[in-house]
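Hi,

Here is the structure I said I would pass on. Have a look at it first, and then read my notes below.

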Amino acid sequence: MKRLSIITFAAILLCSCSSQLTEQDFKDALTDYVENNYQQKIAQDGITLRLIQNVTVNDSLEYLNHTLSQEYSDILAGKKQAWEEKQADCEKDEKANILRHEDYMKKYNDAKRKYGNDIKYKNKIEGYLKAAEKLPSNHEEYLEFDRRRSYSFTRDAESLKADYEQFLQQGANDWVAQHPLYAAYDGRDKNEVLALAYYAEYQTTDGETLCGNYLFNNKPLSVEELPEETANITNYKQAENTPAESSEEQ
């Protein structure tokens, strides 16, 4: 399920709502929003509003904690995948170079048996051996061989692993607590109302009846639509308990 953009959400909620706003102010703001975004005209006196909730600083912090924790998990999973994919590349490269070593040694032994001490084939036989000696024959030799190269699969995999483990060790709680969006609420009264969420039903001048959930913020008064299929500050707790749709249904 999609989530309301954290950046958009933070921009909406950083200012508190004014107690001087009236229901008509919200209706006027909704009318402008619908007309500007959907090119539909709302009939005069055609809006009905029902308050869903007052969105407080505490609500905002809980939602940010939820959303940023999910973001942390996504980043952590990405770091782990990057490390594991590079490690798999490293193992493939190791196997390929050990097989090349074995192939040169087979050619060396075959040529030695076939030509023995024939001087005419001395350079060819020794060439196979020298080529084999430049390549690793086991894991320990591969590590030394790979680290000598300008690009090293081993070094890259180790770097990605260290980055993943460092992020894992930091943990979601510490990462969220240090996030600039979370820190922006420091010192705010947790009961301070930042926005109002309304269910709105309205009629267009064409006679169509439409409805939806909207978030209203002040300074200046602005509107953000909250689609039902999108996890947002008003429904994310319910969304967590909703079974995911199967791939056949999507």
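To start you off: is glutamate 158 buried, partly exposed or exposed? Its relative accessible area is 40%, and since buried would need under 20% and exposed over 50%, glutamate 158 counts as partly exposed. Do keep in mind that this is a predicted model.

**Salt bridges**

Glutamate 158 has a partner, too. Its side chain meets that of arginine 147 in a salt bridge, at 2.5 Å from N to O. The two sit in distant parts of the chain, 11 residues apart, with glutamate 158 in helix H6 (residues 153-177) and arginine 147 in helix H5 (residues 139-147). Arginine 147 is partly exposed as well, with a relative accessible area of 37%.

Helix H6 also holds aspartate 163, which forms a salt bridge with lysine 79; the closest N and O atoms there are 2.7 Å apart. Lysine 79 is in helix H3, so this pair ties together parts that are 84 residues apart in sequence. Both ends are partly exposed: aspartate 163 has a relative accessible area of 32%, and lysine 79 comes to 22%.

Then there is the pair of aspartate 146 and arginine 149, whose side chains meet at 2.5 Å, N to O. Here the two ends differ: aspartate 146 is buried, at 0% relative accessibility, whereas arginine 149 is partly exposed at 26%.

Some of these contacts join up: Lys86, Asp89 and Asp156 are linked in a network of salt bridges. The count for the model comes to 13 salt bridges.

**The sheet and its helices**

Now for the strands. Four of them make an open sheet in the order E1-E2-E3-E4, with antiparallel pairing. At the edges are strand E1 (42-56) and strand E4 (222-225), each of which pairs on one side only. On average, neighbouring strands are turned by 35 degrees against each other, ignoring direction.

In the middle of that order, strand E2 (residues 193-204) and strand E3 (residues 209-217) pair in the antiparallel sense over nine bridges. If you want a spot to look at, find alanine 197: its bridge partner in E3 is leucine 215.

Two helices meet this sheet. Helix H3 (residues 57-115) packs on it, touching E1 and E2, and its direction makes about 75 degrees with that of E1. Helix H2 (residues 23-38) lies across E1, E2, E3 and E4, and runs at about 110 degrees to E1.

Cheers

Conventions:
Residues are numbered from 1 along each chain as its sequence is written. This is a predicted model: local features need pLDDT of at least 70, side-chain atom pairs count only at pLDDT 80 or more; totals for chains, interfaces and linings use all residues. Side-chain values use heavy atoms; hydrogens and water are left out. Two strands pair if DSSP finds at least two bridges between them. Helices (H or I, at least four residues) and strands (E, at least two) are DSSP runs, numbered from the N terminus. Axes are lines fitted to C-alpha atoms, for helices over the stretch in contact, and angles run from 0 to 180 degrees between N-to-C directions. Contact means heavy atoms within 4.5 Å. A salt bridge is a side-chain nitrogen of Lys or Arg within 4 Å of a carboxyl oxygen of Asp or Glu. Buried means under 20% relative accessible area, exposed over 50%, partly exposed in between (1.4 Å probe, protein chains only).
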